[in-house]
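User: I would like to go through this structure with you and ask, for each label, what justifies using it.

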Amino acid sequence: SFYHSHGNHLAVTQNGHSNYARAAFTYGSQNNEVHIDQLGDDNSAQVSLMLINNSEVSISQQGHGNYSSASSSGQDAEISITQVGDDNDATVLGARGAILQDGNENDAQISYSTSTITQTGDGNLAILTSTGWASGATLTQTGQDNVSRLLQDGSYNSATIIQNGAG
């Protein structure tokens, strides 16, 4: 969907069955690039850009039953979501974030933070939230059933979390 927006580019490639891709550029969004690639079945990807210019969003899904959502408002957003495996869930809210999921049934969420989540394995959960300005984190989960929740309350915070093993 393009509502009151100009110069935006959307490229969608789907190979499989019952895949869903949606991108909405609203309220004055200009010069944005969105790429969605889906290989497999029953994948869902949603992108919403509002009042935003000069941004890039890339979603790549390989497998079955994966869900991705990217939403941002402001300027110069850079969002990347890559899912390899089945039944993964990834959400980025805000201007900058990257999620890489290689495995099955992983769940990752980045909210208003400049962060990176890498999940290798199965059944991992990662939630990164920032309520201040210019905060970010790098979180790596390897193995299965790891759980990490990080809340950064304030500005200019930084964190690195590494989880290995099973739960």
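The exchange below takes up the chain as a whole, then single residues and contacts.

User: What makes the chain as compact as a globular protein of that length?

Analyst: To begin with, this is a predicted model, and every value here is computed from it. The chain has 15 strands and 0 helices. Its radius of gyration is 16 Å, while the globule rule gives 15 Å for 167 residues, and because the two values are close the chain is as compact as a globular protein of that length. Along the principal axes, the C-alpha trace spans about 45 × 45 × 15 Å. Of the 167 residues, 42% count as buried, and the accessible surface comes to about 8,000 Å², with 47% of it belonging to carbon and sulfur atoms.

User: Why is the pair Glu78 and Arg96 called a salt bridge?

Analyst: A side-chain nitrogen of Arg has to lie within 4 Å of a carboxyl oxygen of Glu, and the N to O distance between the side chains of Glu78 and Arg96 is 3.1 Å, so the pair meets the definition. A search of the whole structure finds 1 salt bridge. Glu78 belongs to strand S7 (residues 78-84) and Arg96 to strand S9 (residues 96-104), and the pair therefore ties together parts that are 18 residues apart in sequence.

User: How do you know whether Glu78 and Arg96 are buried, exposed or partly exposed?

Analyst: Buried means under 20% relative accessible area and exposed means over 50%, with partly exposed in between. Glu78 has 49% relative accessibility and so counts as partly exposed, and Arg96, at 31%, also counts as partly exposed.

User: Is Ser135, in the loop between strand S12 and strand S13, buried or exposed, and what are its polar partners?

Analyst: Ser135 has a relative accessible area of 4%, and because the limit for buried is under 20%, Ser135 is buried. This residue sits in the loop between strand S12 (125-130) and strand S13 (136-144). A polar contact requires N or O atoms within 3.5 Å; the side chain of Ser135 reaches the backbone nitrogen of Asn157 at 3.0 Å, and a polar atom of that side chain lies 3.4 Å from the backbone oxygen of Gly154. Leaving aside residues up to four places away in sequence, Ser135 touches several others, among them Ser113, Thr114, Gln152 and Tyr156.

User: What makes a set of residues a nonpolar core, and which residues have the most contacts inside the largest one?

Analyst: The members must be buried residues of the nonpolar kinds, joined through side-chain atoms within 4.5 Å. The largest such core has 26 residues, and Val34, Val47, Val57 and Ile117 are those with the most contacts inside it. Strand S4 (residues 44-53) contributes the largest share, 4 residues. Among the residues that Val34 touches, not counting those up to four places away in sequence, are Leu10, Phe25, Val47, Leu49 and Val57. In soluble globular proteins, nonpolar side chains tend to be buried together.

User: Why single out the phi values of Asn31 and Asn54?

Analyst: Most residues other than glycine have a negative phi, which is why a positive value is worth noting. Asn31, which is not a glycine, has a positive phi near 55°, and Asn54 has a positive phi of about 55°. Asn31 lies in the loop between strand S2 (20-26) and strand S3 (33-39), whereas Asn54 lies in the loop between S4 and strand S5 (56-62). With 44% relative accessibility Asn31 counts as partly exposed, and Asn54 counts as partly exposed at 43%.

How values were computed: Residues are numbered from 1 along each chain as its sequence is written. This is a predicted model: local features need pLDDT of at least 70, side-chain atom pairs count only at pLDDT 80 or more; totals for chains, interfaces and linings use all residues. Side-chain values use heavy atoms; hydrogens and water are left out. Helices (H or I, at least four residues) and strands (E, at least two) are DSSP runs, numbered from the N terminus. The radius of gyration is taken over C-alpha atoms; the globule rule is 2.2 Å times the number of residues to the power 0.38. Buried means under 20% relative accessible area, exposed over 50%, partly exposed in between (1.4 Å probe, protein chains only). Accessible areas come from the Shrake-Rupley method with a 1.4 Å probe; for residues, only the protein chains shown count as cover. A polar contact is a pair of N or O atoms within 3.5 Å; within protein, one must be able to donate a hydrogen and the other to accept it, and residues adjacent in sequence count only if both atoms are side-chain atoms. Contact means heavy atoms within 4.5 Å.
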